[in-house]
Amino acid sequence: MCLAYPGKIISIKGDRAAVDYGGIIKEANVSLTKVKVGDFVIVHAGFAIQKLTDEEAWDAIKFYEQNEG
Amino acid sequence: MKNPTDLTIDLEDGGGGYKSWLLIRQLRKFLSVKTGWQHLEDDAAVYPLGKDNLVFTTDAFIVDPLFFPGGDIGKIAVCGTINDLAVMGAKPLGLSLSMVIEEGFPRGDLFKIMKSIDQMSRVARVPIVTGDTKVMDKGKLDKIIITTAGIGLAEKIISNAGAQVGDLIITSGDLGEHTVALLSKRFAYKTRIKSDSRPLCQELEAVGKYLHACKDPTRGGLAANIAEIADKSKVKIILEEKHLPYKKETNALSELLGIDIFSFASEGRFIAAVAPRHVKPVIGKLKKFNRRANIIGRVEKGRGVFLRTELGGLRPIEMPRGKLIPRIC
Amino acid sequence: MNKMRDKRKEKILKEINLLAVKLGREVKLMEVCGSHTQAIWRYGIRGLLPANVKLTTGPGCPVCVTAQEDIDLIVFLARAGIPVASYGDVLRVPGYYGSLEEAKKEGAKVFTIYSVEDALTLKKTLPDLVFFGLGFDTTAPMTAYAIKKGLTVFSTHKLFLPAMTALLEMGEVKIDGFINPGHVSTIIGIAPYKKLKVPQVITGFTEEDVLVGIYLLLKQLAEGRSEVENEYLRSVKPDGNPAARKLIFEVFKITDGLWRGFGKIPASGLAINSKYKNQDARYKYKNILKKFVFKEHQQMKACRCSEIIRGLSRPTACPLFGRACNPDKPFGPCMVSVEGACNLEYRFQDKS
């Protein structure tokens, strides 16, 4: 329902940041999050809604393996 | 509930998808004189001249923006028509160039466009031999419309209706890059991807004789153009998702804006049906032009176009519908 | 790399199968987010699951749950000459007076935008512009941001959680567990879901995310637990995004929400509060809107979208599906929206 896509912040100017989505660089509004250059964010409708944890933690199955016995 | 807009032409009728295809079919029905011409529903029309065939095509270009990464309206106006001849198996002989220009259009931009046209003409070694220019009142036209027509000669015609059961489907390279470059201004993003617009004459001279059907996936993208081959050849085509060459940027843009990647256009690539015994030499030759030339599917008995997903399931690929619109959900 | 992934996927599927056998009975899980419905189709998840684990689609597509009355009102406004901007998804939803797209073809000023910031830019040249605010907790903060910057909005925004409560209370469909929406949760966090007495897993959107989410739900069921777990750790923090929530409530107040299929759900709607009254299109243009009368009989009767979004019906059970109703000529929003249950079923059904 809420199409959101992860990208990496490559520059910030005030409320706006240039976000790299894997070769497509588009501006997003970062006023809803506290982020710095190099952070990964999840962007919905032109706004970053959350800073993502480190990329290594994105692997769902790895998480499950680490949390299982 | 009545739908009065069926009485008027809408943007979807020109979008390159299902509705466009329907409109063209309707319009063709009005034309009653055919005398001697063949392949009237192909990328170009054919007039047999004994050993050779005269091939004739036309196209109008209304691209927006006019200037984009990797090209401009002039470049695609020349390449587009040259390629429509080339994918029929023809060697282009010459083009006509007609321009309708809005009053107030910057002269500098017009000359820039002419320089691009000349550059492509030189690269492809195809002359612009005749043309026309008109100017319309400001506001009556959106900047400029360019129409090119082209004639060529072909010994053997490659028809869209020629794909055979057992053939393999190939692409001459990465797909969808033209759209990625084109949308960058409209959707305000930066990318290193440039339009793939270029003439296909050299590739098609090298491998044309092996191709049973051939199209350049421009308006409507892979989906619309492969559907046309399947429909005209009366076959079923299955594309393999894991072999479709889309760059990571192309994938990212499709996901980001929520636009179907199979509708992304290419202006310098072709897709074709080839007999299995020829596919290795064909791909070998094409890889010299683009490393990502590849087998992307095959032709089977039946009808329709399908995608074999990475999971092994089969799902239909629909003709693109509607205009390209981004979504939030 | 891919081999490793396949191995891990096999492992999870094995575990899922073991749990399914252990449970023995039929288990019905509901995904309540259109993006999950899409992921499930795209990755062929149904085909991978054991026969007794069923997935059913809930009301997670904001286009699909927008009440027809609201569609009719915004189209009415557009046809009255007021410029309207909206996200692309809703453009083709047919109302009694047609869709926004049809209104546009007939001369109405209708604009598609990607972000509210585009709408704010448009407003500079079109001061009367109304933005059709639709979406759940994830999208409401953006509208709130734009209202604070001066945008006039027709709000049909909704809070998602009350719909989950309503689904459980209505008891029409047996729901053994929810696959919770990842991005709504990014905004609201984990705690609000605890009042729902049913197993839940907040899940991400990759193939692995969805499989792990299903695994965790089955594990809860097998162990007799009923908790809210968070699989989408990379995006969902326990307290969600407080700044976004604060922004929502600076501008909106909670009212009853009007949902297609559910009718009124208490405390599920977001209406613009009195501080920003002058930017509330429902107030600003009340003289135009009061001329509109919505009658029950104006609803499109044959369309089964209302039942489909409650999980009561599969698209294939609708007599219109695939025949009179398809993505080219949609009857209802479930076929218009690319995350609508009908649209997805039509486009992704396995033809092998």
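Me: Given that two strands pair if DSSP finds at least two bridges between them, over how many bridges do strand β3 (residues 84-87) of chain C and β4(C) pair?

Reply: This is a predicted model, in which local features need pLDDT of at least 70 and side-chain atom pairs count only at pLDDT 80 or more, whereas totals for chains, interfaces and linings use all residues. Residues are numbered from 1 along each chain as its sequence is written, chains are lettered from A in the order in which they are written, and side-chain values use heavy atoms, leaving out hydrogens and water. Within β4(C), which like every strand here is a DSSP run of E (at least two residues, numbered from the N terminus), Ile113(C) is the bridge partner of Tyr87(C). The two strands pair in the parallel sense, and the number of bridges is 4.

Me: Which are the edge strands of this sheet in chain C?

Reply: The sheet is open, with 4 strands in parallel pairing and the order β4-β3-β5-β6 in chain C. The strands that pair on one side only are, in chain C, β4 (110-113) and β6 (152-155).

Me: How much area do chain A and chain C bury between them?

Reply: The contact (heavy atoms within 4.5 Å) draws 29 residues from chain A and 47 residues from chain C. Carbon and sulfur atoms hold 63% of the buried area (accessible area lost with a 1.4 Å probe, summed over both parts), and the total is about 3100 Å².

Me: Which residue of chain A forms a salt bridge with Glu117(C)?

Reply: The rule (a side-chain nitrogen of Lys or Arg within 4 Å of a carboxyl oxygen of Asp or Glu) finds 1 salt bridge across this interface. Its closest N and O atoms are 2.4 Å apart, and the partner of Glu117(C) is Arg16(A).

Technical notes:
Buried area = accessible area lost by both parts, 1.4 Å probe. Pairing = 2+ DSSP bridges.
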